[in-house]
Amino acid sequence: MARSTITIAVLFASVVHVANARADGLARYEITGDGIATSLTGAPGDAVRGRTLALARTTTCILCHSGPFPEARFQGDLAPDLTGAGNRWTASQLRLRLVDASRFNPDTIMPSYYRNEGLVRVGRNFAEKPILSATEIEDIVAFLATLRD
Amino acid sequence: MIFWRAIAVAALAATTSALLAGEIPPDARRSGYSFMSPDTRAMQDDDTSNPGMLFVLDGEALWGRKVGSADKACADCHGDARSSMKGVAARYPAFDRTLGRPVTLDQRINLCRANHQQASSLPYEGHDILALSAFVAHQSRGVAITTGDDPQLIAFVEQGRSLFMQREGQLNLACTNCHDDNFDKHLAGSPITQGQPTGYPLYRLEWQTLGSLERRLRSCMTGVRAQAYEYGAPELVALELYLMSRARGMPMETPAVRP
């Protein structure tokens, strides 16, 4: 009994999720276990573009993180070094981490990169947009997966 | 009587100093100065190399200049700023009885212009308001901050504190995430300080000019991709009030220099 209630709740939650995703223009995705197993775009990302993106000021990654980026003079130390991230996490986990890191740690300071609702006083230029597009997330995931020691 | 008053004072002190989780204990507070390179410190320490002192000198001239249809200077009412303005900036923002809310030093200067000088108000972040407030605040250099002692301000300090704790913007970060939890770390290349308001208005090398505390707060808000409040908005005043009361007891440094 208890178990079937939970299953229904989970199903219901994922249905709601998909409906939201359609309404707000974000690609739909499904969380399975602690990750998102399938690409947000349906296609694999481009790791070379992903590296450029991760280093770009606009994606904000290296404001907080450091990593194996010898050419980047200013890297942050608010967050773990990304070296070896591809050993520690699967692509599925990395994808969910970028989409919504608060699933791993509700108090995290890492922004949810694929979310456009439930935020406070978002600046006019950014309102109702996710920080990154589905394509950009896939490119960065592909790049992070290559970070192996 | 005296006994009850003592208890009321003790209770007030206890409520205002009770720290939320993550807030910085009084003896661990540090000015932005302590996070700077020796070069930048030297620039602040030496009045002949501190670019903020040029604004202080301009402010001194404005203090003595008659303006408005009342044809009065600040000095005509307040006399020698060295004595009359000592400690004043260290208790701002302060409660204004007529308005029933706190006003910043910039707002007080413009209230004086409107009510006593019959002069137009000086635009925020313009040269003259920065110069006057730098001159007034400079008279408090070395004086311990007392902002927040006034019991009429408690609700406004609390409002500022909740704004400080509130996540906002597309990056969904609160002031406390950086300035209570992560000072001493680096955001890209910049050291994150505790966000203490002790030196304003101050000369920021990045701005290449003097700027107000409100300008700084607005850039932190823009940094997290939030819609910054307008200059003089009640929310910015409340945040400024919270920051000053959070720094109570720390010495004023105006005009400070920051990277």
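## A tour of the predicted model, chain B to chain A

Begin by selecting B:Tyr231, which at 24% relative accessibility counts as partly exposed. Keep in mind throughout that the model is a predicted one. With B:Tyr231 still highlighted, add B:Tyr124, which counts as partly exposed at 30% relative accessibility. The ring centres of B:Tyr124 and B:Tyr231 are 5.5 Å apart and their planes stand at 15°, so the two rings form a stacked pair. Because B:Tyr124 sits in the loop between helix H6 (105-117) and helix H7 (127-138) of chain B, while B:Tyr231 sits in the loop between H10 and helix H11 (234-246), the pair ties together parts that are 107 residues apart in sequence.

**Helix H10 of chain B**

Next select B:Glu214, which belongs to helix H10 (residues 213-223) of chain B. Once neighbours within four places in sequence are set aside, the contacts of B:Glu214 include both tyrosines of the stacked pair, B:Tyr124 and B:Tyr231, together with B:Thr104, B:Gly232, B:Leu236 and B:Glu240. Which side chain of opposite charge is nearest to B:Glu214? It is that of B:Arg218, 6.8 Å away, and B:Glu214 is buried without having a salt bridge. What the side chain of B:Glu214 does reach is the backbone nitrogen of B:Gly232, at 2.8 Å.

Staying on helix H10 of chain B, move to B:Arg216. An unreviewed UniProt entry gives this residue, B:Arg216, the annotation "binding site". Apart from its neighbours within four places in sequence, B:Arg216 is in contact with B:Tyr200, B:Arg204 and B:Trp207. Then go on to B:Cys220, also placed in helix H10 of chain B, where the unreviewed UniProt entry puts the feature "active site". Is B:Cys220 buried or partly exposed? With a relative accessibility of 33%, B:Cys220 counts as partly exposed.

**Two loops of chain B**

Over all chains, the structure holds seven aromatic pairs. For another of these, select B:Phe35 and B:Phe183, whose ring centres lie 6.4 Å apart with the planes at 90°, so the arrangement is edge-to-face. B:Phe35 is in the loop between helix H1 (2-17) and helix H2 (38-45) of chain B, and B:Phe183 is in the loop between helix H9 (175-179) and strand E3 (186-187), so the pair ties together parts 148 residues apart in sequence. B:Phe35 is buried, its relative accessible area being 13%, whereas B:Phe183, at 22%, is partly exposed.

Now turn to the charged side chains, for which the count of salt bridges over all chains comes to 16. One of them joins B:Asp184 to B:Arg30, with the closest N and O atoms 3.1 Å apart. Since B:Asp184 lies in the loop between H9 and E3 of chain B and B:Arg30 in the loop between H1 and H2, this pair ties together parts that are 154 residues apart in sequence. Both partners are partly exposed, B:Asp184 with a relative accessible area of 44% and B:Arg30 with one of 28%.

Before leaving chain B, select B:Arg82 and B:Asp80, whose side chains meet in a salt bridge at 3.7 Å, N to O. Here B:Arg82 is exposed, with a relative accessible area of 58%, and B:Asp80 counts as partly exposed at 41% relative accessibility.

**Chain A**

Switch to chain A, whose secondary structure comes to six helices and zero strands. Of its 149 residues, 39% count as buried. Among the contacts of chain A between residues at least 6 apart in sequence, 51% join residues at least 24 apart. To follow the annotation, select residues 45-148, which an unreviewed UniProt entry covers with "domain: Cytochrome c". This span, residues 45-148 of chain A, is 37% helix and 0% strand, and its end C-alpha atoms lie 17 Å apart.

Within chain A, look for A:Asp139 and A:Arg49, whose side chains meet in a salt bridge of 2.8 Å, N to O. The pair links distant parts of the chain, A:Asp139 being in helix H6 and A:Arg49 in helix H2 (residues 47-55), 90 residues apart. A:Asp139 counts as buried at 3% relative accessibility, and A:Arg49 as partly exposed at 45%. Add A:Asp46 to the selection, and the three residues A:Asp46, A:Arg49 and A:Asp139 are seen to be linked in a network of salt bridges.

The last stop is A:Arg148, in the segment after helix H6 (134-145) of chain A. At 56% relative accessibility, A:Arg148 counts as exposed. Which residues does A:Arg148 contact, leaving aside its neighbours within four places in sequence? They are A:Gly84, A:Gly86 and A:Asn87, and a polar contact of 3.2 Å joins the side chains of A:Arg148 and A:Asn87.

Key:
Residues are numbered from 1 along each chain as its sequence is written. Chains are lettered from A and ligands numbered from 1 in the order in which they are written. This is a predicted model: local features need pLDDT of at least 70, side-chain atom pairs count only at pLDDT 80 or more; totals for chains, interfaces and linings use all residues. Side-chain values use heavy atoms; hydrogens and water are left out. Helices (H or I, at least four residues) and strands (E, at least two) are DSSP runs, numbered from the N terminus. Buried means under 20% relative accessible area, exposed over 50%, partly exposed in between (1.4 Å probe, protein chains only). Lys and Arg count as positive and Asp and Glu as negative; His and the chain ends are not counted. A salt bridge is a side-chain nitrogen of Lys or Arg within 4 Å of a carboxyl oxygen of Asp or Glu. A polar contact is a pair of N or O atoms within 3.5 Å; within protein, one must be able to donate a hydrogen and the other to accept it, and residues adjacent in sequence count only if both atoms are side-chain atoms. Contact means heavy atoms within 4.5 Å. UniProt positions are given in the numbering used here, feature names are shortened, and annotations may be inferred rather than shown by experiment. Rings of Phe, Tyr and Trp (its six-membered ring) pair if their centres lie within 6.5 Å; planes under 30 degrees apart count as stacked, over 60 as edge-to-face and the rest as tilted.
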